Amino acid sequence: MIAEDRINELMSEAITEAGKSKAEDKGIHPKVGAILVDSEGVVIERAHRGMEGHGDHAEFLLLKKARAAGHNLSNATLFVTLEPCAAPRGRGKLACAEHILQSGIRTVYIGMLDPNPQICGRGETLLRYNTTVERFPAKLVKQIEQINSDFVQMHRAAHLSPSSLYVATQISDLIRDYLVRNGRDVEDLPFDWDVTIEDLEQYCYSAPTRKSQSNLHGLVHAARGYAFDKKYSDYNYGKDVRGMADTWQHELRDVLRVMRAEDYSQRRVLNIGIGNGLEAKGVFDSVAHLTAVDIAETSLEKARAHLPKAKMICEDAEDLKSIMTGSQDIYVSLRTFQSSYFGVTRALQEAYRVVRQGGIVLISIANGFLTEESGVVPGLVIPRSNVVSRDRPFEVAEKIRKKLTLMRFEEVGVRTGFYEIYVYGRRAR
């Protein structure tokens, strides 16, 4: 097993290797470095794009060298600064991800996702179904983006239309309107990705008010529920990537199968963030013992039509006071943990509490928008903008993965679907 410090060193070495890359022509091409190490972290081979002068991909060159040297790669680990391609570059050629899979490599560390929307996430998805995939930390990804600034900029045209629901209607504006109508003279609310509901409550506590602060906690939480109701209670998949196909349902079942929970419909399932129940059809409507939770009252009422036998609870994911400790077999939350003003740490603490020993936690992060202009754009929208960040979904997923690991969950894993990322684990017995 490679030590954590050594893993960080190897990531940095791969970035240094990327800096040596040579373009094959005057066009804009990524700088890519790849390093192959044995089970102890000793470097076997190094390569960078164009090191043989033909513009060949770094991974292809690396594996070519390894084969020539006769290395057994069954226990090898690959560090590569750019997501390996998933589509062949020409007749008779294999994609780099396919070369990696055929080599027998079992663990791959990926730096920056390919910003090309035709590639982004595809290579990682292919690898995750057959190998263990980890990602470079965000600070190193930024270094990779810096040395590839021209390549990144070329593909940064990923913007959503100003009329898109995700841009035109802002949760922070809806919350502010609700608070002002209820006597809280708050100015523009903080809207960073990592601002939680507790942060928002503290911000409002320090603001001028025409009323007592005694029920501020309830008011702020009610405002959040109102905002999500206003934005999503009538939501449908007409302009959603899920509306293209039921791929996400197959991905979800695949993860449950990996966790040996194919019979999930017969277990006690807690669904957090059910919204108006749109995702229930074909997934949760067959669950015999289902509890559905959401913060939006109107949405939850609409969910009853899809889930007439389910127990409905209007409650915060960060404070599941109506759910008994250790009472659930499976905790599942789809496309909720990346939400505005969501407390990831508190919600995971509650997930740990309510799921039984040996129970499963399964969380998905949204990773794609359907647009009229450019088809599917992978990523999450940067708050208060129409710009899509391709790295943000993976940053959220990595945060969740680390938290589950610190909580001593077992079988912790991450799977990249086409338009969602799944993080899962089993609570230790």
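**Exercise 1. Find the strands that helix α11 lies across, and give its angle to β16.**

Solution. Step 1: helix α11 covers residues 247–258. Helices here are DSSP runs of H or I with at least four residues, strands are runs of E with at least two, and both are numbered from the N terminus. This is a predicted model, in which local features need pLDDT of at least 70 and side-chain atom pairs count only at pLDDT 80 or more, while totals for chains, interfaces and linings use all residues. Residues are numbered from 1 along each chain as its sequence is written, and side-chain values use heavy atoms, with hydrogens and water left out.

Step 2: α11 lies across β9 (328–334), β10 (355–366), β15 and β16.

Step 3: α11 runs at about 20 degrees to β16. Axes are lines fitted to C-alpha atoms, for helices over the stretch in contact (heavy atoms within 4.5 Å). Angles run from 0 to 180 degrees between N-to-C directions.

Step 4: helix α14 (residues 392–406) also packs on the sheet, where α14 touches β10, β15 and β16. The direction of α14 makes about 0 degrees with that of β16.

**Exercise 2. Write down the strand order of the sheet and identify the edge strands.**

Solution. Step 1: the open sheet has seven strands in the order β8-β7-β6-β9-β10-β16-β15, with mixed pairing. Two strands pair if DSSP finds at least two bridges between them.

Step 2: β8 (311–314) and β15 (410–416) each have a single partner strand, so one side of each is left without a neighbour in the sheet.

Step 3: on average, neighbouring strands are turned by 15 degrees against each other, direction ignored.

Step 4: β15 and β16 (residues 420–426) run antiparallel and are joined by five bridges. G413 has Y424 in β16 as its bridge partner.

**Exercise 3. Trace the salt bridges of K302, R242 and K20, and state how accessible each partner is.**

Solution. Step 1: the structure holds 27 salt bridges. The criterion is a side-chain nitrogen of Lys or Arg within 4 Å of a carboxyl oxygen of Asp or Glu.

Step 2: K302 pairs with D234, with 2.2 Å between the closest N and O atoms. K302 sits in helix α12 (residues 297–306) and D234 in the loop between α10 (216–232) and α11, so this pair ties together parts 68 residues apart in sequence. K302 is partly exposed at 32% relative accessibility, whereas D234 is exposed at 61%. Buried means under 20% relative accessible area, exposed over 50%, and partly exposed in between (1.4 Å probe, protein chains only).

Step 3: R242 pairs with E420 at 2.8 Å between the closest N and O atoms. R242 is in the loop between α10 and α11 and E420 is in strand β16, so the pair ties together parts 178 residues apart in sequence. Both R242 and E420 are buried.

Step 4: K20 meets E17 at 3.4 Å, N to O. K20 is partly exposed at 43% relative accessibility, and E17 is buried at 5%.

Step 5: a network of salt bridges links R6, E9, E13 and R46.

**Exercise 4. Count the disulfides and check C85 and C204.**

Solution. Step 1: a disulfide is a pair of cysteine sulfur atoms within 2.5 Å. The count by this rule is zero.

Step 2: for C85, the closest cysteine sulfur is that of C96, 3.8 Å away and too far for a bond. C85 is buried, with a relative accessible area of 11%.

Step 3: C204 is in no disulfide, the nearest cysteine sulfur being that of C314, 19 Å away. C204 is buried, with a relative accessible area of 1%.
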